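Please look at the two chains shown below, and then read on for a short account of where they touch and how parts of each are built.

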Amino acid sequence: MTDRQELTDKLSPLHQLHVDAGASFTDFAGWQMPVRYSSDLAEHHAVRTAAGIFDISHMAEISVTGAEAAKFLDYALAVNASAIALSRAKYTMILDESGGIIDDLIVYQNAPGEYLVVANASNRDVVVAGLAERIQGFEAAITDGTDAVALIAVQGPDARAILEATDGLTQAPEWAMGHTLDELPYYACMGMKFRGSALLVGRTGYTGEDGFELFVDAGQAADLWQALTAAGEAFGLVPCGLAARDTLRLEAGMPLYGHELGLDTLPVQAGLGRVVPLKTKTADFVGRAAIEAGPAADARVLVGLAAEGKRAGRADYLVFDGDTEVGVITSGALSPTLGHPIAMAYVDPRVSEPGTELQIDVRGSRIAATVVPLPFYKREN
Amino acid sequence: MTDKTELKYTAEHEWVLVEGTVATVGITAYAAEKLGDIVYVDLPKAGSTVAEGKVVGEIESTKSVGELFAPVNGTVVESNDAVAASPELVNSDPFGEGWLIKVEFDALPALLSFDEYTALTGE
């Protein structure tokens, strides 16, 4: 057994609660975040069957304001920002001139004419720098609010009932942008009230289950976490770490930056061509020409792989078609929900059709794997 | 109940129980905790020859893969079939039912004491 202790400096506003709960921590993009509280598998299953609560305060929140905020985002990002209605959100990307992915993002119009860009912790600096560079000439401003905001995700079939049962968390019609909690659509947001203060609640997540993400002032985060946890107890809500978050998102076929997404990848290779609305978006944006040109015909594409047994292919393991190397795994694990190994991999287009039989090199031995459609897991309703 | 202070340890987080010329080997609670939920173990079969410091098995969790190093030179006399069938035993009882292999050895190398090992992990 080998182990390497990372020294990190950034701590979530909820850090002490995690310490008190006995969490184990991991370094994630310079943040010390809970990797698990007790059991990765128990946390994973809780989200699939009841609910889990995650601290994802390491994620970056960047506000975009000003008369030309939408116009600026149209230019800076792949999304058709001008078409995002008030209270709605879109999954998108910030691309470089070559169409490579600098980061994947969620953009909300969280108040009239105001946008909230949520970026990965590992890309906070490059996203802020990229936006700052692209804002020249637009009447718009960006503010990196990450350090003032905590982000709490409540995910699972009982997530809504838990929010409704949380003491002090109330609907606030004046901030709700026309929504109620029970009717809040997927990828929409509304303002709510927690003990008198406003917070933003999005119906978004990274687990493949119904759920919410709550953006709350750092100073109120601990109180909100405790209130949610108290309300969730009767439902079987458990605190979940990044380990469970990773297996949940993998089963749901959701990409992770640095694994499935990167500067050398065009969105269409990752199966995310739909994220760049070339047909409906008329505005120019950084990367547009490269996206229109598309990748080389033989550029590798992302697929799902399923195998039998218990040995999982993992990131960086090679994929073979007989003696020929045809790809590489970007994420893989023994699926806790399905009970067999699953992986996402970039493979040559000629072996990307579902049903294709391939082999994974697992530390020197080959295991059979079949190309399958993504996601591996889809909730029933 | 195994008395952890009586066991020997390696810097790779194995524990070793010496009884005569047979060493029972497992991984420590510290190692199991770091790995997370263990879902698969690959252990050498009885009769295999193992060499001190060499990788002889793998311990996989949902998150990662840990390697099992042989703490002694010798021959495997038994590997734990119960753990192969129920890898979670390594998490629930790492010093007991979660043992991994028994190795018949000729000479015992220098191993860490309990105090030396706990100084290493800082726990």
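Between the two chains, 17 residues of chain B are in contact with 17 residues of chain A, where contact requires that the C-beta atoms of two residues, placed from the backbone, lie within 7 Å. The model is predicted, so that local features need pLDDT of at least 70 and side-chain atom pairs count only at pLDDT 80 or more, while totals for chains, interfaces and linings use all residues. Residues are numbered from 1 along each chain as its sequence is written, and chains are lettered from A and ligands numbered from 1 in the order in which they are written.

On the side of chain B that touches chain A, three elements each supply at least two residues; helices (H or I, at least four residues) and strands (E, at least two) are DSSP runs, numbered from the N terminus.

| Element of chain B | Residues |
|---|---|
| α1(B) | 29-35 |
| β4(B) | 38-42 |
| β7(B) | 65-69 |

The residues of this side divide into five nonpolar, four polar and eight charged, with Ala, Val, Leu, Ile, Met, Phe, Trp, Tyr, Cys and Pro counted as nonpolar, Asp, Glu, Lys and Arg as charged, and the others, Gly among them, as polar.

In chain B, three strands form an open antiparallel sheet in the order β4-β6-β7, two strands being paired if DSSP finds at least two bridges between them. Because β4 and β7 of chain B stand at the edges with a single partner strand each, one side of each has no neighbour in the sheet. Five bridges join β6(B) (residues 55-61) to β7(B), and Glu60(B) has Val65(B) as its bridge partner.
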